[in-house]
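Work through the following exercises with the sequence and the coordinates at hand. Each task is followed by a solution in steps.

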Amino acid sequence: MTIPFNKPYTTGKELGYIQQVIESERFAGNGTFSKKCAKWLEEKTGCLKAILTPSGTAALEMMMILADIGPGDEVIMPSFTFSSTANAVVLRGATPVFVDIRPDTLNIDETLIESAITPRTKAIAPVHYAGVGCEMDVILEIAERHGLLVLEDAAQGILASYKNRPLGSIGQMGALSFHETKNIHCGEGGALLINDPAFIERAEIVMEKGTDRSKFFRGEIDKYTWVDLGSSYLINEMTAAFLWAQLEDAEDIISKRIYIWNTYHSELEILEAKGKLKRPTIPDECQHNGHIYYIVLENQEARNSLMDRLREQGIHSVFHYIPLDSAEAGRKFSKSVPSELPLSDQISGKALRLPMSPGIPFERVCVELYRSIRQV
Ligand SMILES: *Cc1c(COP(=O)(O)O)cnc(C)c1O
């Protein structure tokens, strides 16, 4: 039997909720299930307003519109991230500025941020890799000193926290993803978390195609018109119904993942002690959500060879980001400070993510890993 890298989880309640939507004959955005999901996110993260979006990518794009990122502006972020973090900035005509990552968490190295700040810098976009929080106190302090916004890419960060503050609720805004590869999903989906009241009114306009329709629905005005920049950032009710089934069980789903994470972590301790691999580090300030379990091998050859051997045993492990600064679009649209980012480069070649989903036989992954690693 093959073990997939990701097996999207379903709770069994999704279809029943979708059936309710069909019976309600109300399918468009901002319906009953959308409101339930948004309220849940507001309660669990403590954000002022949660807006469901068609994807994590859309949440990032909406965030950059609200932050007024425009031509000539720069946004500092790690190079070791998904294209969406950078694309959202490039789509505004602005420039992503990449800095290197920390070797322990693979998150942005907060000590390198200040050297990348210029008069054009508008924001810092920390990415919480694997649902492990970035060093947010330092990042917030730098941002405050230089008058910058902190815009979190918390796509992987649902219900994870830094110093008891939920990821995505720490900066002015945060983006979550509900893609099928994430802990909690609805196929494609996301959410924008707004933590600064200054952005709320405009967010309601931007998500409604640049109109003041939200005010109209609340009866605050008697007709609505086009008042600002915008797009369609709502999700339909079928998707929200699916998501609601998942959110109801979110804590349980995440504890299942953390159980797998902890098992990998204790099983692999001996291999780390023998110098065969490096396990992830979770700083004391961080409560993670079991999103990714990765190991770092000696070099790229060892990583690739282990990945091949696991595949021969039917186990699908995967590497992660090709650093954006070395990608074709990265070279065209962004800059790096300094011009080389050695850690991002090395980690990209040496890290391997192990299968991580509730319901997969992860014990077998451990056994095969022990067997295979002796040969690499
Ligand atoms: C998944 C992910 C995204 C994009 O989310 P989608 O919902 O797939 O659009 C953005 N950033 C990071 C770090 C991600 O892991």
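The exercises treat pockets, strand pairing and backbone geometry in a predicted model.

**Exercise 1. The largest pocket**

Task: Determine which domains line the largest pocket and where the pocket lies relative to them.

Solution:
- Step 1. The volume of the largest pocket is about 560 Å³.
- Step 2. Its lining comprises 33 residues, and those nearest the centre are Phe82, Gln156, Thr181, Lys182 and Tyr321.
- Step 3. Helix H3 (56–66) and helix H4 (83–90) each contribute at least two residues to this lining.
- Step 4. Sorted by class, the lining holds 16 polar, 12 nonpolar and five charged residues.
- Step 5. Residues of the lining come from both domain 1 (14–248) and domain 2 (250–373), and therefore the largest pocket lies between these domains.

**Exercise 2. The second largest pocket**

Task: State which element gives the largest share of the lining of the second largest pocket.

Solution:
- Step 1. The second largest pocket has about 460 Å³ of volume.
- Step 2. It is lined by 22 residues, with Asn30, Lys35, Lys49, Met207 and Ser214 closest to its centre.
- Step 3. At least two lining residues each are supplied by helix H2 (32–45), strand E1 (49–53) and helix H7 (213–217).
- Step 4. H2 provides the largest share, namely five residues.
- Step 5. The class division of this lining is nine charged, nine nonpolar and four polar residues.

**Exercise 3. Strand E2 and its partners**

Task: Describe the burial of strand E2 and the sense in which E2 pairs with E3.

Solution:
- Step 1. Buried means under 20% relative accessible area. In strand E2 (residues 74–78), five of five residues are buried.
- Step 2. Glu74, Ile76 and Pro78 point one way from E2, whereas Val75 and Met77 point the other way; all are buried.
- Step 3. Five bridges pair E2 with E3 in the parallel sense, and Glu74 has Thr95 in E3 as its bridge partner.
- Step 4. Between E2 and E3 the chain passes through H4, forming a right-handed β-α-β crossover.
- Step 5. E2 also runs parallel to E4, to which three bridges join it; here Val75 is opposite Ala123.

**Exercise 4. A three-stranded sheet**

Task: Give the strand order of the open sheet that contains E6, and identify its edge strands.

Solution:
- Step 1. The order of the three strands is E7-E6-E11, with antiparallel pairing.
- Step 2. Strand E7 (165–166) and strand E11 (286–287) are the edge strands, since each pairs on one side only.
- Step 3. Strand E6 (residues 161–162) is joined to E11 by two bridges, and Tyr162 has Cys286 as its bridge partner in E11.

**Exercise 5. Backbone geometry in loops**

Task: Establish whether Leu106 is buried or exposed, and describe the backbone at Leu106, Lys163 and Pro338.

Solution:
- Step 1. Leu106 is not a glycine, yet its phi is positive, at about 65°. Its place is the loop between strand E3 (95–99) and strand E4 (121–124).
- Step 2. With a relative accessible area of 1%, Leu106 is buried.
- Step 3. Lys163, also not a glycine, has a positive phi of about 45° and sits in the loop between E6 and E7. Lys163 is partly exposed, its relative accessible area being 39%.
- Step 4. The peptide bond between Val337 and Pro338 is cis, with omega of about -10°. Pro338 belongs to the loop between strand E13 (335–336) and helix H13 (342–350).

Notes: Residues are numbered from 1 along each chain as its sequence is written. This is a predicted model: local features need pLDDT of at least 70, side-chain atom pairs count only at pLDDT 80 or more; totals for chains, interfaces and linings use all residues. Side-chain values use heavy atoms; hydrogens and water are left out. On a 1 Å grid over the protein atoms alone, a cavity is a set of points where a 1.4 Å probe fits but cannot get out, and a pocket is an open set with protein on both sides within 12 Å along at least five of seven lines; lining residues have an atom within 4 Å of a point. Grid points are joined across faces, edges and corners, and a volume is the space filled by probe spheres set on the points. Helices (H or I, at least four residues) and strands (E, at least two) are DSSP runs, numbered from the N terminus. Ala, Val, Leu, Ile, Met, Phe, Trp, Tyr, Cys and Pro count as nonpolar, Asp, Glu, Lys and Arg as charged, and the others, Gly among them, as polar. Domain bounds come from an automatic or database domain assignment. Two strands pair if DSSP finds at least two bridges between them. Buried means under 20% relative accessible area, exposed over 50%, partly exposed in between (1.4 Å probe, protein chains only). A crossover is right-handed if, with the strands pointing away from the viewer, the path from the first strand over the helix to the second runs clockwise.
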